[in-house]
Amino acid sequence: MFYAYIRVSTEQQTASGLGIEAQKAACFAYAKDKPIAVFVDSGVSGASGLEKRPALIQCLGEIEAGDTVLVAKRDRIGRDPICVAFIEAAVRRAGARIISVAGEGTDSDDASSRSEEHTSE
């Protein structure tokens with residue numbers, strides 16, 4: 001199953017094409033006709049911890065082995081490298097994977113694709 005995680009922190013992101021609907025459209029296009037569950041954290045900075053991201057926590061609680069978590073862009077996962085590493089580890093422990101539909105290196109188990117530098121918002 002596919003799970004789309006959508007995060008928007010500012011109105012500027014919405015105006016620049018990273019709004020909720022644009023991210024959903026990108027994830028649905030990637031999944032084609034396959035089932036997809038959508039989880040949205042709106043108004044949440046990527047630098048925020050998990051305690052401020054209830055949709056992401058719910059998503060992580062539902063994934064199972066063989067599932068895929070889709071994000072429109074890699075930075076939607078988060079911008080704090082420690083938090084991102086925790087999220088990625090939780091997904092791997094569940095037997096699932098994260099894919100950036102923009103093709104930013106999340107579709108590999110190679111350590112170098114998981115350790116790219118994240119900037120703060």
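A residue counts as buried under 20% relative accessible area, as exposed over 50%, and as partly exposed in between. The exercises below apply this to a predicted model.

**Exercise 1. Classify both residues of the aromatic pair formed by phenylalanine 2 and tyrosine 30, and describe the pair.**

Step 1. Tyrosine 30 has a relative accessible area of 37%. This value lies between 20% and 50%, so tyrosine 30 is partly exposed.

Step 2. Phenylalanine 2 has a relative accessible area of 12%, so this residue is buried.

Step 3. The ring centres are 6.2 Å apart and the planes stand at 90°. Planes over 60 degrees apart count as edge-to-face, and that is the class of this pair.

Step 4. Phenylalanine 2 is in strand E1 and tyrosine 30 is in helix H2 (residues 20-31). With 28 residues separating them, the two rings link distant parts of the chain.

**Exercise 2. The whole structure holds 2 aromatic pairs. Describe the one formed by tyrosine 3 and phenylalanine 39.**

Step 1. The centre-to-centre distance is 6.0 Å, and the angle between the planes is 25°.

Step 2. Planes under 30 degrees apart count as stacked, and tyrosine 3 and phenylalanine 39 are stacked.

Step 3. Tyrosine 3 belongs to strand E1 and phenylalanine 39 to strand E2, so their pairing ties together parts 36 residues apart in sequence.

Step 4. Both tyrosine 3 and phenylalanine 39 are buried.

**Exercise 3. Find which residues are joined into one network by salt bridges that share partners.**

Step 1. Start from the general idea: side chains of opposite charge can pair when their charged atoms come close. The cut-off used here is a nitrogen of Lys or Arg within 4 Å of a carboxyl oxygen of Asp or Glu. By this rule there are 4 salt bridges.

Step 2. One of these joins arginine 76 to aspartate 75, with the closest N and O atoms 2.9 Å apart.

Step 3. Aspartate 75 also forms a salt bridge with arginine 79, where the closest N and O atoms are 2.6 Å apart.

Step 4. Aspartate 75 appears in the bridge to arginine 76 and in the bridge to arginine 79. The network therefore consists of Asp75, Arg76 and Arg79.

Step 5. Check the accessibility of each member. Arginine 76 is buried at 0%, aspartate 75 is buried at 16%, and arginine 79 is buried at 14%.

**Exercise 4. State where the two partners of the salt bridge between glutamate 88 and arginine 74 lie, and whether they are buried or exposed.**

Step 1. The closest N and O atoms of glutamate 88 and arginine 74 are 3.0 Å apart.

Step 2. Glutamate 88 is part of helix H4 (residues 81-93), while arginine 74 sits in the loop between strand E3 (68-71) and H4, so the bridge ties together parts 14 residues apart in sequence.

Step 3. Glutamate 88 has a relative accessible area of 7% and is buried. Arginine 74, at 2%, is buried as well.

**Exercise 5. Describe the largest nonpolar core and the surroundings of isoleucine 63.**

Step 1. The largest core contains 19 residues, and Ile63, Val69 and Ile87 have the most contacts inside it.

Step 2. At least two core residues come from each of strand E1 (2-8), strand E2 (36-42), helix H3 (54-62), E3 and H4.

Step 3. Apart from neighbours within four places in sequence, isoleucine 63 touches Tyr3, Val69, Val91, Ala94 and Ala96.

Step 4. A second core of 8 residues is separate from this one; among its members are Ala4, Ile6, Ala31 and Ile99.

**Exercise 6. Classify valine 40 and lysine 32, and say what is notable about each.**

Step 1. Valine 40 is in strand E2. At a relative accessible area of 31%, valine 40 is partly exposed.

Step 2. Together with Phe28 and Val38, Val40 forms a nonpolar patch on the surface, with about 200 Å² of accessible area in total.

Step 3. Lysine 32 lies in the loop between H2 and E2. Its relative accessibility is 62%, so lysine 32 is exposed.

Step 4. Most residues other than glycine have a negative phi. Lysine 32 is not a glycine, yet has a positive phi of about 55°.

**Exercise 7. Summarise the chain as a whole.**

Step 1. There are 5 helices and 4 strands, arranged along the sequence as β-α-α-β-α-β-α-β-α.

Step 2. The chain has 121 residues, 45% of which count as buried.

Step 3. Take the contacts between residues at least 6 apart in sequence: 70% of them join residues at least 24 apart.

Notes: Residues are numbered from 1 along each chain as its sequence is written. This is a predicted model: local features need pLDDT of at least 70, side-chain atom pairs count only at pLDDT 80 or more; totals for chains, interfaces and linings use all residues. Side-chain values use heavy atoms; hydrogens and water are left out. A salt bridge is a side-chain nitrogen of Lys or Arg within 4 Å of a carboxyl oxygen of Asp or Glu. Buried means under 20% relative accessible area, exposed over 50%, partly exposed in between (1.4 Å probe, protein chains only). A nonpolar core is a set of buried Ala, Val, Leu, Ile, Met, Phe, Trp, Tyr and Cys residues joined through side-chain atoms within 4.5 Å. Contact means heavy atoms within 4.5 Å. Rings of Phe, Tyr and Trp (its six-membered ring) pair if their centres lie within 6.5 Å; planes under 30 degrees apart count as stacked, over 60 as edge-to-face and the rest as tilted. Patches are made of residues with over 30% relative accessible area and no salt bridge: like charges are joined within 9 Å, nonpolar side chains (Val, Leu, Ile, Met, Phe, Trp, Tyr) within 5 Å. Accessible areas come from the Shrake-Rupley method with a 1.4 Å probe; for residues, only the protein chains shown count as cover.
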